[in-house]
Amino acid sequence: MKKILTCSVLFLLTCAAALAQVNFKVSYKEVSPTEVDIVFTGKAAAGWHVYSTNIPADGPNPAIFGVDKKDGVELVGKLKPGKGAKTSFDPMFEMNITYFEGSCTFTQRVRLTKPVYNLEGYLEFSACNDQNCLPPTTVSCKLAGKDGPGAETAADKDAAGKDEKTDKAESAAEEPLPAAEVATETADSVAADTSAVVMVGGSVDGVSDELRQMWWSPAIDKLQAFGEESVSDASIWYIFLLGFVGGLVALFTPCVWPIIPMTVSFFLKRSGNRRKGIRDAITYGISIIVIYVALGLIITSIFGANALNDLSTNAIFNIFFFLMLVVFAASFFGGFEITLPSSWGAAVDGKAEKTTGLLSIFLMAFTLSLVSFSCTGPIIGFLLVEVSTSGGSVLAPTIGMLGFAIALALPFTLFALFPTLLKSAPKSGGWLNAVKVTLGFLELAFALKFFSVADLAYGWHLLDRETFLALWIVIFALLGIYLLGLIKFPHDDEDERHTSVTRFFLALISLAFAVYMVPGLWGAPCKAISAFAPPMSTQDFNLQPAKVQTFRNYEEGMAYARKMGKPVFLDFTGHGCVNCRKMEAAVWEKPQVSKLMQEDFVVISLYVDEKERLPENITVKENGEERTLRTVGDKWSYLQMSRFGAQTQPFYVLVDNEGNPLTRSYSYDEDVDKFVQFLETGLKAYHK
């Protein structure tokens with residue numbers, strides 16, 4: 001079969017020098033003399049996933065095959081996804097979603113019905129990671145030829161010998177081109193081709209072409225002039241601090257605290273002089289850091305950060321972790337002891353006694369890690385899961401373990417440098433078991449978070465929001481009662497006859513937190529626990545907060561803002577954007593935010609995955625390449641890219657009536673105070 005097989009790239013969203021987040025190649029496979037498979041083979045970067053075809057209604061945008069032109073060609077069935085798809089429950093959409101991670105394949109079969117045939121089509125797909133979503137992206141293809149059913153016979157070709165040179169020229173032109181690639185990426189700082197920006201769509205009454213040109217003209221340089229925050233640095237510091245806090249908590253447990261004075265005293269006495277004792281104690285602390293950082297590296301090398309992130313949404317894993325935390329909580333309450341085999345600690349301790357120098361100190365630190373496992377194990381386990389699922393970095397477990405180890409090793413060094421502090425340090429006693437029991441209550445509370453994920457995945461509805469809140473209210477109320485000394489556990493000090501001031505204030509905080517959650521049983525948002533509780537949609541009774549009113553047309557919204565003399569809040573969003581819905585539910589609906597947005601801004605929400613067709617396809621230039629705009633969503637996606645050099649959602653920009661940015665852009669971040677500051681900064685800039 002001789003045919004023209006050409007592929008064109010119409011949707012290059014980024015500079016070629018940048019790494020692509022989703023990369024597709026198009027190839028063609030001849031099934032029979034009259035049937036051809038158009039195969040789209042994609043590869044997604046780590047952390048990104050591409051949605052499959054069989055997505056339920058009201059879910060994210062599925063992959064589809066579209067046709068611009070066809071003659072002598074008909075589609076055979078629908079677009080078919082290849083193997084390797086995963087299905088998991090999405091709590092935002094409240095449905096099971098099928099998607100691909102890593103590589104994916106989609107196939108569309110076509111049948112040739114005429115000798116001369118022509119097809120111009122495209123694959124449209126959507127992709128997301130944990131922070132952003134790309135708009136529906138198209139991969140174009142073109143299939144053309146003259147050898148379909150009923151093509152000219154060999155005799156006909158001989159008769160047309162006088163046109164042999166022309167036929168050869170055409171044949172050369174009809175050779176298949178290499179498989180084309182379309183690359184899409186997150187573009188926080190992407191340079192768009194600003195030389196040929198087109199005003200797309202119909203005009204608005206009373207708006208001049210000059211004003212429309214200002215609204216559509218590139219503003220990338222103006223936006224970048226404000227500077228952008230480094231999310232990665234903030235994330236690294238968050239992971240480190242989380243680990244450091246975990247290490248401080250582990251210090252005040254019966255497995256670690258009593259060892260500190262004994263170990264420091266041992267080093268100071270064994271050395272014979274204070275300088276050598278300090279050196280040994282510092283070496284001991286460094287050894288602890290090396291051991292726990294090595295643990296973080298081992299976890300990363302075995303599983304990888306992405307694998308741990310995948311496990312965070314896996315129902316079976318969450319059930320396992322829920323049961324594990326419940327068992328650890330029971331151990332902390334005094335039901336039983338969980339320890340590593342005693343022979344391990346004895347073997348390492350015996351080895352330490354037989355060796356000298358730095359090796360003996362390192363083995364002593366390793367012995368501490370083993371014997372303290374019953375107290376540090378649950379903290380380390382929870383820490384590793386938390387940093388691996390929220391850090392988004394390959395080094396997340398290592399950084400978390402570094403913070404944990406530094407906090408754990410710090411007192412050994414400090415007490416060696418200042419041994420007089422040992423006299424003022426709290427002595428071992430019943431308060432250590434109180435710390436352990438308190439940790440048991442906290443682990444029980446966090447265990448419910450993991451069970452909630454599994455409950456949503458399987459649709460059991462055993463732990464809807466009000467049930468979750470009821471259990472947390474009881475847990476923290478019981479914790480407060482325990483701290484007041486009204487409940488006793490097996491290892492508590494029976495002779496304790498009074499409640500310390502520290503325990504009283506901790507009890508007060510715990511009981512107040514329990515009372516704070518009570519209105520949540522009737523639909524109050526309870527912002528402090530929104531990251532842990534099931535979504536509000538699982539609650540039987542739900543208060544309906546006021547919604548922010550928005551425009552859905554860019555130029556109409558800009559014209560209205562000019563008429564009212566207000567700045568504009570541009571919201572590039574998508575129907576299938578999970579994090580867009582999270583921002584709207586967790587941030588927009590807060591009274592201080594909704595008041596600002598409703599009274600001081602004109603809000604324009606532009607859905608980049610809007611499926612409404614444009615009156616006619618529009619071809620534009622982007623990054624030196626042609627791109628076809630077919631839908632209203634394509635129009636808003638082109639606006640976002642050409643004006644602001646960004647292509648992920650949610651993406652928020654504050655502009656004046658002429659479209660000039662007022663401050664830096666804002667993406668997914670549920671910090672309400674930070675979002676309010678973003679709005680107020682833009683408002684002040686506008687009034688200036």
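How many bridges pair strand E14 (residues 568-573) with E18, and in which sense do the two run? They pair over five bridges, in the antiparallel sense.

This is a predicted model, in which local features need pLDDT of at least 70, side-chain atom pairs count only at pLDDT 80 or more, and totals for chains, interfaces and linings use all residues. Residues are numbered from 1 along each chain as its sequence is written, and side-chain values use heavy atoms, with hydrogens and water left out.

**View 1. The whole chain, before zooming in.** The protein chain has 22 helices and 18 strands; these are DSSP runs numbered from the N terminus, with helices (H or I) of at least four residues and strands (E) of at least two. Of its 688 residues, 48% are buried. Here buried means under 20% relative accessible area, exposed means over 50%, and partly exposed is in between (1.4 Å probe, protein chains only). About 32,400 Å² of the protein chain is exposed, and carbon and sulfur atoms supply 61% of that area; accessible areas come from the Shrake-Rupley method with a 1.4 Å probe, and for residues only the protein chains shown count as cover. Take the contacts (heavy atoms within 4.5 Å) with a separation of 6 or more: residues 24 or more positions apart account for 76% of them.

**View 2. A mixed sheet of three strands.** The open sheet runs in the order E15-E14-E18, with mixed pairing; two strands count as paired if DSSP finds at least two bridges between them. Strand E15 (602-607) and strand E18 (651-655) are the edge strands, each pairing on one side only. From one strand to the next, the twist averages 20°. To find your way along the E14 and E18 pairing, look for Phe-572, which stands opposite Phe-651 in E18.

**View 3. Helix H21 lying across that sheet.** Helix H21 (residues 632-644) lies across E14, E15 and E18, and runs at about 120° to E14. Axes are lines fitted to C-alpha atoms, for helices over the stretch in contact, and angles run from 0 to 180 degrees between N-to-C directions. H21 has 13 residues and reaches 18 Å from its first C-alpha to its last, close to the 18 Å expected at 1.5 Å a residue; the expected span is 1.5 Å times one less than the number of residues. How enclosed is H21 by the rest of the structure? It is largely enclosed, because 13 of its 13 residues are buried. Right after H21 comes Gly-645, with a positive phi near 65°.

**View 4. An antiparallel sheet of four strands.** This open sheet has the order E7-E8-E4-E11, and its pairing is antiparallel. Strand E7 (86-90) and strand E11 (127-128) stand at the edges with a single partner strand each, so one side of each has no neighbour in the sheet. Strand E4 (residues 49-51) and strand E8 (residues 95-101) run antiparallel and are joined by three bridges. Tyr-51 has Tyr-99 in E8 as its bridge partner.

**View 5. Arg-111 and its salt bridges.** Side chains of opposite charge can pair when their charged atoms come close. Counting a salt bridge as a side-chain nitrogen of Lys or Arg within 4 Å of a carboxyl oxygen of Asp or Glu, the total is nine. One of them joins Arg-111 to Glu-74, with the closest N and O atoms 2.7 Å apart. That pair links distant parts of the chain, with Arg-111 in strand E9 (residues 103-112) and Glu-74 in strand E6 (residues 73-81), 37 residues apart. Arg-111 counts as partly exposed because its relative accessibility is 29%, and Glu-74, at 33%, counts as partly exposed too. Shared partners join Glu-35, Glu-74 and Arg-111 into one salt-bridge network.

**View 6. A buried pair between two helices.** Glu-555 and Arg-212 form a salt bridge, their closest N and O atoms being 2.9 Å apart. Glu-555 sits in helix H18 (residues 554-564) and Arg-212 in helix H3 (residues 209-216), so this pair links distant parts of the chain, 343 residues apart. Are these two buried or exposed? Both Glu-555 and Arg-212 are buried.

**View 7. Asp-669, Lys-674 and Ala-585.** Asp-669 forms a salt bridge with Lys-674, with 3.1 Å between the closest N and O atoms. Asp-669 has 25% relative accessibility and counts as partly exposed; Lys-674, at 26%, is partly exposed as well. Ala-585 lies in helix H19 (residues 578-588), and is partly exposed at 44% relative accessibility. From C-alpha to C-alpha, Ala-585 and Glu-670 are 9.6 Å apart in space, with their positions 85 residues apart in sequence.
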